[in-house]
Amino acid sequence: MKVRMSYAELRNLLQGLSIRVKYCSKHNHPQTIHLYSKIRPPKSHILDCSRSTCTYRTVPPGSILPWRFFSCKQEGTKIPFKRKQNTAITTSELLYKSLLKSEQENWNDISARYKDMTERIKEKLEELHNKYTFNSESPRIRFGENVYFEENGCIFLSKADDVDEGNVDILFSTEDLGFSDAFIQRIRISPDQRYMAISLKSENSEEATCVIMKLGRFPVLEKVIPSVFSFEWATNDVLYYTSQKNLKCQNVFMTTFTNQKHTKLVYTEQDARFFVDIYCTKDRRFLTINSNSKTTSEVWLVDCRQPFKLPALVQARTKGVIYHVEHRNDELYILTTYGEPAEYKLMKVPVACSGMENWQLVYALEKKTKLVDLEMFSDHCIMFLKIAGHLYLNVISFDSHSVQSIKLPTWACEFELESHPEHTTSTCYFQLTSPVHPPKRFAYSFKENNLIEQAVQEVPIITNCHTTRLLAKSKDETLVPITVFHNMNSKELHRKPLLVHVYGAYGIDFNMGFKEEKLMLIEEGWVLAYCHVRGGGELGLSWHKDGCQHNKLKGLHDLKACIMLLHELGFSQPKYTALAAASAGGVLAGALCNTDPELIRAMVLQAPFVDVLNTMMKTHLPLTIEEQEEWGNPLADEKCMKYIKSYCPYQNIKTQCYPSVFITAYENDQRIPLIGVLRYIQKLRKAALDHASRTNKKGNWIPNIILDIRANGSHCDSSWEDSLNEVARHLAFLNKELEEVCHLQHHSKSCK
């Protein structure tokens, strides 16, 4: 299994293999604290599911446990209303099967009209993917002289001096071990590099399998652990891991690889609202067992020098207080919401007396500041911040007690930290990107105290795209940020097609990393707009709080204000405007279609959450109880029930002129129950047809309302091929809809 080859030979080999590129929005994606070393799977940049963030991420600073939100694609092969053996088929099952069959037949009848355009778009996207994606290197983990990295289902080892030009060893191959349908999600190397733990995950399941390899001249398979979420090495031969079942993760186990191998349960979380994961501090001094709900945290420490000792509590959970733990010089550094204002603060406390009463403030974020990421080093802490849409690098020196703030390039919307297992390193490497700018590598040197742009760039830099940041005044006069991209050479922007993106939930901001389809749209003259409405995390924790539970309608008002401002400023007009959303973003997108359908011409949704009320009233569903902190509990509070009903997309469909709608959903999606999407699409189609029949005017426009149900794929992961096909179908639909505008002059009249 161990093969020697030059890096050039390796590249040639990989080019000949089928490229398995995975979609995982940061999430969303949402930005995460990368307080651990990792090798990531290759990522597809096709789907823009900003609600989505994948299950291998650790806790982000802006929100707790994004993998628990309706943000990851669905687990396993379960379908709604799964029938028990030897029982009769229920009415609900019959309804589900009838609706499913009807929509599948409808899609089969109409899909041919989009086929040719879909194929043309796919060819263009594949061309852009080959141009901009393959040249980017996989993240690398360095341990002393060794460098580990993953590509195309294989894990490689190289000496640091040989990583670009010398020889590499193949340590692991998913195909060789019979995991050809899985992708590599997470890698952990034991401190002495004798063992390697790998999590493998298929695109149809959220539960991963952990494979432990014993390294050496000929690596061998040591152990396979099913249904694992997170894992870390406490010592050379002691591994801690969490098990996942039915989207819940509440048990922590310890397994040993000593002469007397054994596995035992070390921690169990009893509260269904809490989700457990494991993290190793940067200096490898402690493992932290992190139990989090959406609003509250509790952390337990495992001493890596005494891995068999019982975990020690840092601070008992206090309602409304979130905290995350790092370690340096016998002190815990705690990132927390404790205290006023209710934004993140960095505090420290001695390990021996870690209670909240002893926490000392190190640094506090200002209001409306988004903490995107944080990385600890031996003498410094780096915070990546987002302020008024711009990225900043704040460097905290523990020696001089100073803070230096560096504004990053204005075109940057997203960043990606590179792995730094050695906390004593003198340089922090990261990449900057935007939806239309491929990743560009930068480094910050602690010694030189400056930011360095890496000179070598194989990927062309985009120069013809203009980025504009706007503020829309919402109904309550709150200013809502908008990020707009358009071709600098475009003229008459009011005649150009506009694609508006919205999310607005869980304190998660958009995944604004590079995506080929965004660049393609810019090149074809489209305007792209990202509306950072309340409920998301772009302006810090308060921005989320001001748009969840009884404040959810504020996000809808924000979205309406953003679209109206775009039109007022000459960015397109309603008949050329489309709206895109995914997962929880479907709540605001669907609500806007009910309240202000005249603002948009078409809408594309991916696995949308459109039946909020019915879903939140079903406590048997895996996520309902813990999602109450985001949406409220309609079963316990009649006011909450009425409030959810006031904005729920499914509940508020009415007979009126609707935009055309294209929805992609998944049979195996238990985060977004398919039955809710089926009911929504049927009700929406009937309302649109009823309106058309009542007006009964010659040339009256009838919207296309389409549901594409995919048997494969899940809420978080799709193969490169599947994600490419989905995006191409969405764009073909939008192009068809907007092309027809000029031939449907009666559209605006019939909608009045």
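Guide: Welcome! A residue is called buried when its relative accessible area is under 20%, and exposed when that area is over 50%. The model we are looking at is predicted.

Visitor: What makes strand β19 a mostly covered strand?

Guide: Count its residues: β19 covers residues 323–328, and six of its six residues are buried. Each of them falls under the 20% cut-off, because that is what buried means here.

Visitor: How do you know that both faces of β19 are covered?

Guide: Take the two sides in turn. Y323, V325 and H327 lie on one side, with H324, E326 and R328 on the other, and every one of these residues is buried.

Visitor: Why are β19 and β20 called paired strands?

Guide: Two strands pair if there are at least two bridges between them. Six bridges join β19 to β20 (residues 331–336), so the condition is met, and the two strands run antiparallel. One of the partnerships links E326 to Y333 in β20. The hairpin has two residues between the strands, and N329 takes a positive phi near 50 degrees there.

Visitor: Why is I334 called buried?

Guide: I334 sits in strand β20. Its relative accessible area is 0%, under the 20% limit, so I334 counts as buried. The C-alpha atom of I334 is separated by 5.0 Å from that of M347, which is 13 residues away along the chain.

Visitor: What about the other hairpin: what makes β15 and β16 a pair?

Guide: The test asks for at least two bridges. Six bridges join β15 to β16 (residues 286–292), therefore they pair, and they run antiparallel. Y279 has T288 of β16 as its bridge partner. Five residues stand between these strands, and R284 takes a positive phi near 65 degrees in this hairpin. Both faces of β15 are covered: F275, D277 and Y279 on one side, V276, I278 and C280 on the other, are all buried.

Visitor: Is Q270 buried or exposed, and how do you know?

Guide: Q270 has 69% relative accessibility, and the cut-off is over 50%, so Q270 counts as exposed. Q270 is found in the loop between β14 (263–268) and β15 (275–280).

Visitor: And why is L674 called buried?

Guide: L674 has a relative accessible area of 0%, which is under 20%, so the word buried applies. L674 is found in helix α11 (residues 674–695). Between the C-alpha atoms of L674 and D611 there are 9.9 Å in space, with their positions 63 residues apart in sequence.

Visitor: How do you know that the span of helix α3 agrees with its number of residues?

Guide: The expected span is 1.5 Å times one less than the number of residues. For the 21 residues of α3 (residues 112–132) that gives 30 Å, and the end C-alpha atoms are 30 Å apart, so the two agree. Even so, α3 bends by about 25 degrees at T118. T118 is among the buried residues of α3, which also include Y114, M117 and I121.

Visitor: What does the same check say about helix α12?

Guide: Its 20 residues (720–739) should span 28 Å, and its end C-alpha atoms are 28 Å apart, so this helix agrees too. α12 is also mostly covered, with 15 of its 20 residues buried.

Conventions. Residues are numbered from 1 along each chain as its sequence is written. This is a predicted model: local features need pLDDT of at least 70, side-chain atom pairs count only at pLDDT 80 or more; totals for chains, interfaces and linings use all residues. Side-chain values use heavy atoms; hydrogens and water are left out. Buried means under 20% relative accessible area, exposed over 50%, partly exposed in between (1.4 Å probe, protein chains only). Helices (H or I, at least four residues) and strands (E, at least two) are DSSP runs, numbered from the N terminus. The bend at a residue is the angle between axes fitted to the seven residues ending there and the seven starting there.
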